[in-house]
Amino acid sequence: MTFTPDLSKTKARTWWVLKWITNAWVNLGFCDEPTCVRELKLEDIKVPGQMGDQVMGKRIMGVKATLTLKLREITLANRALNYPWFAGVVATNPIPLMPAAVGGDLYSYAAKYRFHPMDLPDEAVGEVPYDRSQDILLLAAVVTSKDEARSDGKESYIPLELEAMPDRTKLPNLVLGYIGEEPQA
């Protein structure tokens with residue numbers, strides 16, 4: 001399933017809020033052209049015997065979810081997002097192009113990402129009551145895009161791609177995220 005909100009019709013503008021390990025929300029600025037893709041990994045269900053090669057249904061074996069968008073505000077902090085292993089302060093530390101330890105688990109760099117339409121109130125900018133009914137929340141996602149600045153002829157942007165991974169704190173359930181508010185346990 002792929003959906004791309006038509007921002008020209010809804011007049012909605014969107015922005016990212018990133019939850020770091022310190023539990024602080026960081027505004028990544030204006031972004032646009034979001035595309036959220038959820039792809040089910042399916043396996044055929046077949047009945048051996050007289051049914052031959054007939055597919056009787058599909059079994060869900062997993063899911064892959066990605067969210068891509070254009071970051072319009074090109075800052076050093078936004079460029080650092082493309083290097084999830086970088087945990088330094090961008091004003092004082094150089095950003096390493098590769099993690100120090102090769103062969104590590106990319107999940108160790110996963111963070112919580114919330115995609116929120118700007119036309120709805122959000123407490124991250126001091127608006128109360130807030131409305132998260134249309135938010136896309138990825139519980140454990142990593143940046144998988146290349147670090148590159150591009151131009152669409154009007155202005156420059158950074159293409160950002162996030163890949164959702166199952167939240168390991170919720171195993172054995174495979175939970176990638178939610179549309180709307182995260183349920184409270």
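These questions and answers walk through a predicted model of one protein chain.

Trainee: How many helices and strands does the protein chain have?
Mentor: Read the elements from the N terminus. They run β-α-β-β-β-α-β-β-β-β-β. The total comes to two helices and nine strands.

Trainee: What share of the residues of the protein chain counts as buried?
Mentor: Start with the surface. The protein chain exposes about 11400 Å², and carbon and sulfur atoms supply 55% of that area. A residue is buried under 20% relative accessible area. Of the 185 residues, the share that counts as buried is 33%.

Trainee: Among contacts between residues at least 6 apart in sequence, what share joins residues at least 24 apart?
Mentor: Leave out pairs less than 6 apart in sequence. Then take the contacts that join residues at least 24 apart. Their share in the protein chain is 60%.

Trainee: Is strand 5 largely enclosed or open?
Mentor: Strand 5 covers residues 111-117. A111, Y113, F115 and P117 point one way, while K112, R114 and H116 point the other way. Both sets are buried. Seven of the seven residues are buried, so strand 5 is largely enclosed by the rest of the structure.

Trainee: Why do the side chains of a strand split into two sets?
Mentor: In a regular strand there are two faces of the sheet to point to. The side chains split because they alternate between those two faces.

Trainee: Which residue of strand 6 stands opposite Y113?
Mentor: Strand 6 spans residues 136-143. Strand 5 pairs with strand 6 in the antiparallel sense, over four bridges. Opposite Y113 in strand 6 stands L138.

Trainee: Which residue forms a salt bridge with K112?
Mentor: K112 counts as buried because its relative accessibility is 19%. The partner sits in the segment after strand 9 (177-179) and is also buried, at 16% relative accessibility. The closest N and O atoms are 3.2 Å apart in the salt bridge of K112 with E182. The pair links distant parts of the chain, 70 residues apart: K112 and E182.

Trainee: Which residue is linked with K112 and E182 in a network of salt bridges?
Mentor: A search of the whole structure finds six salt bridges. K112 and E182 belong to a network of them. The residue linked with these two is K170.

Trainee: Which residue meets R59 in a salt bridge?
Mentor: R59 lies in strand 4, and the partner lies in strand 3, 16 residues apart. R59 counts as partly exposed, at 37% relative accessibility. The partner is partly exposed too, at 36%. The N to O distance is 3.1 Å, and the partner is E43.

Trainee: Is K58 buried or exposed?
Mentor: K58 and D44 meet in a salt bridge through their side chains, at 2.5 Å, N to O. That pair links strand 4 and strand 3, 14 residues apart. D44 is partly exposed, with a relative accessible area of 33%. K58 has 52%, over the 50% cut-off, so K58 is exposed.

Trainee: What is the area of the nonpolar surface patch made by L40, L42, I60 and V63?
Mentor: Strand 3 (25-46) and strand 4 (55-71) each give two or more residues to the nonpolar patch. L42 is found in strand 3. L42 counts as partly exposed because its relative accessibility is 47%. The patch has an area of about 340 Å².

Terms used
Residues numbered from 1 in each chain as written. Predicted model: local features only at pLDDT ≥ 70, side-chain atom pairs only at ≥ 80, totals over all residues. Heavy atoms only, no water. Buried < 20%, exposed > 50% of the residue type's maximum accessible area, 1.4 Å probe, protein only. Pairing = 2+ DSSP bridges. Patch = residues over 30% accessible without salt bridge, like charges linked within 9 Å, V, L, I, M, F, W, Y side chains within 5 Å. Areas by Shrake-Rupley, 256 points an atom, 1.4 Å probe, with all protein chains shown as cover. Salt bridge = Lys/Arg side-chain N within 4 Å of Asp/Glu carboxyl O. Contact = heavy atoms within 4.5 Å.
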